[in-house]
Amino acid sequence: MDFLLFLIGTDEPLEGDWERLDDAFAGCVIHIERTGADFTGRIVSLPQSMTDAGWRIGEPKWQDIRPDGTSRWLIRDLRKHFDTRSSRVVGIDLQEYNLSLAAGGRLRLHTGSLPLFPIQSWKRISSPP
């Protein structure tokens, strides 16, 4: 039932540090900051699973974060395609997602217009000063 909190939304700021939850890349931390009119999310901490898949601290993970006119946001998430046989990144692309915030410092990335089935779940671990 926590999806109801995402439907209601929140006016909490998007900026700050967010930690990924509940999947193979859990423990990744992204710092979101304003860059001009948009926001950008850069990696500040990585779990070993992401390091092994070719990710590095300081890389931009979320780009072109912008409001969609409601209480949600649109983003482009940088994805790396890693070949385990060659131990190399063999492709990079950007996937568009909807981003929804809920009270209590929770964030979801999802493909549909409603945040019912999140692709990624995150929690806030620090807010802007």
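**Exercise 1. Find the residue in S4 that is the bridge partner of Arg 42, then describe how S3 and S4 pair.**

Solution.
- Start at Arg 42: the residue facing it as bridge partner in S4 is Pro 60. Keep in mind that you are looking at a predicted model.
- Now place the two strands. S3 covers residues 38-45, and S4 covers residues 60-67.
- Look for another bridge between them: Phe 39 has Ile 65 in S4 as its bridge partner.
- Put this together: S3 and S4 pair in the antiparallel sense, over three bridges.

**Exercise 2. Walk back from S3 to S2 and work out what joins them.**

Solution.
- Take Ile 32 and look across to S3, where Gly 41 is its bridge partner.
- Next, take in the whole pair: seven bridges hold S2 against S3, and the sense is antiparallel.
- Then check the connection. S2 and S3 make a hairpin, with two residues between them.
- Finally, stop at Gly 36 in that turn, where phi is positive, at about 70°.

**Exercise 3. Which residues are the bridge partners of Glu 19 in S2 and in S8?**

Solution.
- Locate S1 at residues 16-21 and S2 at residues 29-35.
- On the S2 side, Glu 19 has Val 29 as its bridge partner.
- S1 and S2 run antiparallel to each other, paired over four bridges.
- On the S8 side, Glu 19 is partnered by Lys 123.
- S8 spans residues 120-126, and its antiparallel pairing with S1 extends over five bridges.

**Exercise 4. Use the strand order to say what the eight strands close into.**

Solution.
- List the elements of the chain from the N terminus: α-β-β-β-α-β-β-β-β-β. That pattern comes to two helices and eight strands.
- Follow the strands in the order S1-S2-S3-S4-S5-S6-S7-S8; the eight close into a barrel with antiparallel pairing.
- From one strand to the next, the twist averages 35°.
- Recall the pairing of S1 with S8 from the previous exercise: it joins the two ends of the strand order in the barrel.

**Exercise 5. How much of the chain counts as buried, and what supplies the area that it exposes?**

Solution.
- Begin with the burial: 37% of the 129 residues count as buried, the cut-off being under 20% relative accessible area.
- Turn to the outside: the chain exposes about 6,900 Å², and carbon and sulfur atoms supply 53% of that area.
- End with the contacts. Among those with a separation of 6 or more, 43% come from residues 24 or more positions apart.

Definitions and conventions:
Residues are numbered from 1 along each chain as its sequence is written. This is a predicted model: local features need pLDDT of at least 70, side-chain atom pairs count only at pLDDT 80 or more; totals for chains, interfaces and linings use all residues. Side-chain values use heavy atoms; hydrogens and water are left out. Buried means under 20% relative accessible area, exposed over 50%, partly exposed in between (1.4 Å probe, protein chains only). Contact means heavy atoms within 4.5 Å. Accessible areas come from the Shrake-Rupley method with a 1.4 Å probe; for residues, only the protein chains shown count as cover. Two strands pair if DSSP finds at least two bridges between them. Axes are lines fitted to C-alpha atoms, for helices over the stretch in contact, and angles run from 0 to 180 degrees between N-to-C directions.
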